[in-house]
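Please look over the sequence and the model shown here, and then follow the paragraphs below, which begin at one pair of helices and work outwards from there.

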Amino acid sequence: MTETISTDRRAERRETAERRQHSRDLFVEFRNVEKAYGIKNVLRDANLKVFRGEVLVILGGSGSGKSVTLRHMLGLEAPDAGRVLVEDEDITDLPEEELYRVRKKFGMLFQSGALFDSMTVFENVAFPLREHTEMSEEEIEQSVNEKLELVNLPNTGHLMPVDLSGGMRKRVGLARSIVLNPQVILYDEPTTGLDPITSQKINELIIDLQSKLNVTSVVVTHDIQSAFSVGDRIAFLNKGVFEWVGTMDEARDSDHPVLRDFLKASAVTAAQPTRD
Ligand SMILES: Nc1ncnc2c1ncn2[C@@H]1O[C@H](COP(=O)(O)OP(=O)(O)O)[C@@H](O)[C@H]1O
Ligand SMILES: [Mg+2]
């Protein structure tokens, strides 16, 4: 009896999630993408959809091709076969000049943070504005301060990167990646190397920015706690394909053997029982 009810509820949730997805636009789509480096096949017939307004988590082990996936979204790499679409535009064969226009839609938080150590926090965040816009000094100041406030680092513009903790560096990197007002934010391992409390603060910031900036987010991680804190959906990358894609609740209930092993390894299935 209980079993029937829980199955019904699960089905109901799944339907709601599917309805929501169908009513949304696709922002990024991978169609049968293949990419090899030498003899190593990294992506093998990878299919993926990122919907506008969602937080999609790409989960996968180290070396599974997560960063390579992000580079394909930006057109920094072209697939050997298959297509990459951004807002219905096929970007697979676009020339470099055209790709600049596409890349403006994205803000990327690199794994390393990659701040310029010789520049102040203010100049680090201002850098893309000076490179890509004709904004006046006042406009730049307003924009940089607004972004520093969004990442909860007001009045830190005068600091040097060396004065910052790991979590603060990530936040400055994040302020810089959103300073050109992207529609999509790509996060490459945003919590890797941070302690648990700092990681949780970064997770909260990802959710906060999602609602305040009304963006789409793709979060690449092997940190399952982080995945479950921020994600609407998971795409599990294994052996070059997105082997399993679904909502967080579905991931907890999934009987996919490799995904289950991956989740069990960090005790998500045990620590966060389903609500059925
Ligand atoms: N430019 C490159 N040249 C050669 N091999 C690469 C290159 N970029 C990535 N790879 C290989 O592709 C695999 C996936 O890399 P990556 O996407 O960085 O993994 P991760 O999931 O840890 O982000 C790795 O084995 C890596 O060594
Ligand atoms: Mg990586």
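**A pair of crossing helices**

In this predicted model, the axes of H4 and H5 come within 10 Å and cross at roughly 120°. An angle over 145 degrees would count as roughly antiparallel, and one from 65 to 115 as roughly perpendicular; H4 and H5 are therefore oblique to each other. The handedness of the crossing between H4 and H5 is right-handed. Where the two helices meet, Phe122, Val125, Ala126 and Leu129 are the residues on the H4 side, and their counterparts in H5 are Ile140, Ser143, Val144, Lys147 and Leu148.

Taking H5 by itself, one may ask what its length says about its geometry: its 14 residues should span 20 Å at 1.5 Å a residue, which agrees with the 20 Å that separate its end C-alpha atoms. Which residues of H5 are buried? They are Val144, Lys147 and Leu148, and because they cover an arc of only 100° around the axis, they lie on the same side of H5. Glu138, Glu139, Gln142 and Glu149, by contrast, are exposed on the other side of H5. The buried residues of H5 pack against H4 and also against H6, and just after H5 the chain passes through asparagine 152, whose phi is positive, at about 60°.

The contact with H6 leads to the next helix. H6 comprises residues 166–178, 13 residues in total, and it reaches 19 Å from its first C-alpha to its last, close to the 18 Å expected at 1.5 Å a residue. Ten of those 13 residues are buried, so H6 is largely enclosed by the rest of the structure. The buried residues include the charged-type names Arg169, Lys170, Arg171 and Arg176, and alongside them stand Val172, Gly173, Leu174, Ala175, Ser177 and Ile178. What covers the buried residues of H6 includes the helices H4 (121–132), H5 (137–150) and H7 (196–213), together with the strands S6 (106–109) and S7 (184–188).

Stepping back to the whole protein, one finds eleven helices and ten strands. Of its 276 residues, 35% are buried. Among contacts between residues at least 6 apart in sequence, 66% join residues at least 24 apart.

Methods
Residues numbered from 1 in each chain as written. Chains lettered and ligands numbered in written order. Predicted model: local features only at pLDDT ≥ 70, side-chain atom pairs only at ≥ 80, totals over all residues. Helix = DSSP H or I, 4+ residues; strand = E, 2+ residues; numbered from the N terminus. Buried ≥ 20, exposed ≤ 12 C-beta atoms within 10 Å, placed from the backbone. Contact = placed C-beta atoms within 7 Å. Expected span 1.5 Å × (residues − 1). Arc of directions from axis to C-beta. Axes fitted to C-alpha atoms, helices over the stretch in contact; angles between N-to-C directions. Parallel < 35°, antiparallel > 145°, perpendicular 65-115°, else oblique. Left-handed = near helix turned anticlockwise from the far one by under 90°.
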